[in-house]
Amino acid sequence: MFIHWDTYSLAGRHEWVKNYERTDNETYQKYFENFNPDLYKPKEWAKLAEAAGMKYAVITTKHHEGFTLFDSEFTDYKVTNTPYGKDALKEWVDAFRAEGLKIGFYYSVIDWHHPHYTIDTYHPQRASSQEEYEKLNQGRDMSVYREYLKNQVTEILTDYGKVDILWLDFSFPGEFGKDRDDWGAIELIKLVRTLQPEIIVNDRLDLKEYWGGWDFTTPEQFKVSEWPTYNGERIPWETCQTFSGSWGYYRDELTWKNNKQLLVMLIESVSKGGNVLLNVGPTGRGTIDYRAEKALNEIGDWMKYNGRSIYGCTQAPSTFEIPENSLLTYNPTTNRLYVHLLDYPLQNFTLKGMKGKIKYIQFLHDASEIQIAPPKGYWMKQDVGAGDVNIILPVNKPPVEIPVIEIILNSPNGLTHNKH
Ligand code: GLC
């Protein structure tokens with residue numbers, strides 16, 4: 001679960017509202033002054049995440065607007081100075097840890113509030129000419145901001161126990177942009193590794209070529225066409241996705257993905273070796289949007305019965321042919337193959353090239369046997385080749401959004417696997 005929660009939640013119209021509307025600090029201050037999430041119960045969030053089948057969560061400790069959800073020593077622009085008055089991050093960490101979820105911190109290296117952060121192309125007060133930029137940036141000193149950045153990253157990685165993931169966001173090299181040198185990224189990553197040696201870090205510090213500069217890549221809001229690579233090698237990846245296009249709470253946003261789309265996104269990612277980080281943008285009162293809550297519960301309904309085709313699974317070896325209208329995942333530990341039926345077939349279903357490879361076959365959701373038999377109907381017979389296997393599915397689609405066939409494979413070396 002990704003969580004974007006800041007004072008922009010009060011505006012309720014995208015976490016980039018300050019940029020989009022070119023708002024200055026003074027005008028934006030009203031959100032800070034009214035930040036008082038009286039219904040904030042992180043235990044409930046954690047329960048929702050857990051019920052949706054999630055294993056870890058990443059929360060914005062500071063987003064681009066510069067507000068900190070933690071009690072920082074280095075700024076007054078922090079949650080403890082709002083009417084809420086408490087360290088919301090501390091409460092969050094305690095609740096999520098108690099629920100058994102791994103802890104991730106998002107921290108924006110971009111900062112639209114800090115007086116020494118220089119105005120750039122993404123800044124709400126961005127300029128239209130070189131001259132104007134120079135004028136605006138007089139007296140701003142990025143080295144002061146770099147120190148601030150280092151201090152705050154030190155705080156979040158020191159004061160909250162073990163942090164499993166750090167999600168830094170984001171570099172945008174180029175004219176009037178910012179890159180690794182602006183952040184002091186090499187120093188920063190070294191510091192991170194020293195403070196939390198076991199942490200895993202995303203890849204947005206502009207340190208792609210630097211050894212140890214990142215651990216996984218982060219395709220955002222799109223579907224990868226294949227397992228991402230770097231220098232020809234497959235790399236660990238996690239796609240971050242929204243329910244509706246906005247990360248922060250957006251009251252009037254209507255482009256919500258449906259249950260099937262969300263499940264396909266998940267299965268599809270696993271089928272290419274990746275993870276999904278699915279975002280919620282809680283409201284200014286500290287509750288999860290009712291539409292997100294509904295979507296999470298639906299994902300949970302599916303995961304409860306089909307999670308085995310997701311956890312511990314990855315891309316299937318290329319020796320397995322992907323059947324029509326389906327997605328394959330594979331668990332290398334248990335040697336099981338999972339066929340996700342995106343468009344439920346009509347009784348006959350052919351698994352090409354699977355002859356001799358199957359030990360047993362069942363639906364995952366109810367462990368009911370699926371029988372191997374020649375196709376019903378004379379005209380189908382020619383579709384099944386000598387190396388293929390035909391299975392007979394019930395006419396009625398099982399009562400799950402995307403039914404999954406679990407194939408227990410014959411082990412090539414004769415070993416039996418019964419580990420789940
Ligand atoms: C982008 C956006 C940001 C969001 C992030 C999540 O970088 O700037 O609003 O937090 O994506 O991946």
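This tour goes from a parallel sheet to a helix that lies across part of it. The model is predicted: local features need pLDDT of at least 70, side-chain atom pairs count only at pLDDT 80 or more, and totals for chains, interfaces and linings use all residues. Residues are numbered from 1 along each chain as its sequence is written, and side-chain values use heavy atoms, with hydrogens and water left out.

**Stop 1: the sheet.** Show the strands (DSSP runs of E, at least two residues, numbered from the N terminus). Seven of them form an open, parallel sheet, ordered E5-E4-E3-E2-E1-E9-E8. Strands pair here if DSSP finds at least two bridges between them. Select 200-201 and 238-241: these are the edge strands E5 and E8, each pairing on one side only.

**Stop 2: E2 and E3.** Select 56-62 and 102-108. The two strands run parallel, joined over 6 bridges. Click Ile59; its bridge partner in E3 is Phe105.

**Stop 3: helix H10.** Select 259-270. Helices are DSSP runs of H or I, at least four residues. H10 lies across E8 and E9 (275-280), at about 150° to E9; axes are lines fitted to C-alpha atoms, for helices over the stretch in contact, and angles run from 0 to 180 degrees between N-to-C directions.

Which residues of H10 are buried (under 20% relative accessible area, 1.4 Å probe, protein chains only)? They include Leu262, Met265 and Val270. In total, 9 of its 12 residues are buried. Now add the cover: it includes E8, E9, helix H11 (290-306), E10 (326-331) and E11 (336-341), where contact means heavy atoms within 4.5 Å.

Technical notes. Buried < 20%, exposed > 50% of the residue type's maximum accessible area, 1.4 Å probe, protein only.
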